Amino acid sequence: MTNDNPKTHAARAALDYVKEGMILGLGSGSTAEIFIELLGIRVAAGLRVQGVPTSEQTAEAAREAGIELLSIEHADRIDLTVDGADEIGPDFALIKGGGGRLLREKIIANASDLMVVIADESKMVKTLGAYPLPVEVDRFGFSITAKKVFDALCQAGSSRPDVQLRQHKDSDMPFITDGGHYILDCACVAIPDPAKTAARLCAVPGVVEHGLFIDLARVVIIGDEHSAEILER
Ligand code: 5RP
């Protein structure tokens with residue numbers, strides 16, 4: 001973690017939303033891990049919070065930072081979730097799931113009173129879709145599901161999407177999510193209508209969740225080398 005890192009500026013600004021006694025959704029990815037490290041410093045100084053992790057990796061990072069963890073089954077509310085994103089489009093519609101944690105990230109974001117997204121400016125886009133959209137699918141019948149996902153994306157206005165089964169980065173085995181599913185990475189170039197795309201994908205049997213986060217984020221914090229800009233809607 002370096003002080004002039006744009007992600008660090010964004011993560012530090014997100015600390016202002018954290019209050020004593022809060023139950024926090026802890027996001028996944030490199031930016032969220034910087035937030036967890038900074039939060040750990042506040043906890044060591046006496047702040048009392050509990051964290052609900054969005055992935056096993058995040059749980060490990062939170063333990064190392066000394067943050068008390070709470071399993072989602074024991075959380076009667078989540079006050080605030082702070083998470084990263086792969087793309088941030090108009091109306092704070094997001095693509096998430098680059099790290100393959102989209103299902104738990106979405107369950108936790110949706111259960112939160114407030115979702116704050118932290119990122120560097122490279123994540124801001126005019127149209128979603130240059131980043132391949134992750135779609136989490138059940139392993140049963142995944143190749144049939146992949147064809148239906150292709151059709152759904154075309155029907156929603158993406159032209160000739162490239163749908164690929166995600167491979168584990170260290171082997172030629174498929175990547176398996178924390179929930180035991182596969183990920184289809186869908187290179188769409190552009191997603192002209194995110195809401196329609198989300199609805200079409202949800203209608204495909206075998207799709208467990210997709211990485212379009214619509215109407216979830218209300219605050220986006222964009223870091224640069226010097227500071228962070230807070231955008232709210
Ligand atoms: C993981 C995610 C991450 O938030 C997203 O990939 C951004 O990661 P990073 O902060 O490392 O750029 O959605 O599933």
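In the predicted model, the lining of the second largest pocket comprises seven nonpolar, one polar and three charged residues. This pocket encloses about 150 Å³ of space, and its lining is made up of P90, D91, A93, K126, T127, L128, I191, P192, P194, I214 and D215.

The largest pocket has a volume of about 410 Å³. Among the 26 residues that line the largest pocket, those closest to its centre are G29, G98, G99, G100 and R101. By class, the lining of the largest pocket consists of three nonpolar, 14 polar and nine charged residues, a count in which glycine is placed with the polar residues. Two helices, α2 (30-44) and α3 (56-65), each supply at least two residues of this lining, and α2 gives the most to the lining of the largest pocket, with four residues.

Besides these open sites, the structure holds one cavity of 30 Å³ or more. About 50 Å³ of space lies in this largest cavity, which is lined by T54, G100, R101, L102, L103, R104, E136, T177, D178 and G179. Of the secondary-structure elements, helix α4 (residues 102-110) gives the most to the lining of the largest cavity, with three residues. The lining of the largest cavity divides into two nonpolar, four polar and four charged residues. G100 and R101, listed here in the lining of the cavity, are also among the residues closest to the centre of the largest pocket.

Helix α5 was examined for its geometry and its burial. At 1.5 Å a residue, the 14 residues of helix α5 (residues 142-155) should span 20 Å, and the end C-alpha atoms of α5 are indeed 20 Å apart, in agreement with that expectation. The buried residues of α5, taken as those under 20% relative accessible area, are T145, A146, V149, A152 and L153. Viewed down the axis of α5, these buried residues fall within an arc of 120 degrees, and they therefore line one face of the helix. Such a pattern can be read against the general geometry of an α-helix, which has 3.6 residues a turn, so that residues three or four places apart point the same way. On the other side of α5, I144 and K147 are exposed. The elements that cover the buried residues of α5 include the strands β8 (133-137), β9 (162-165), β10 (182-187) and β11 (207-210), together with the helix α6 (194-202). Just after α5, G157 adopts a positive phi of about 110 degrees.

Definitions and conventions:
Residues are numbered from 1 along each chain as its sequence is written. This is a predicted model: local features need pLDDT of at least 70, side-chain atom pairs count only at pLDDT 80 or more; totals for chains, interfaces and linings use all residues. Side-chain values use heavy atoms; hydrogens and water are left out. The expected span of a helix is 1.5 Å times one less than its number of residues. Buried means under 20% relative accessible area, exposed over 50%, partly exposed in between (1.4 Å probe, protein chains only). The arc is that of the directions from the helix axis to the C-beta atoms. Contact means heavy atoms within 4.5 Å. On a 1 Å grid over the protein atoms alone, a cavity is a set of points where a 1.4 Å probe fits but cannot get out, and a pocket is an open set with protein on both sides within 12 Å along at least five of seven lines; lining residues have an atom within 4 Å of a point. Grid points are joined across faces, edges and corners, and a volume is the space filled by probe spheres set on the points.
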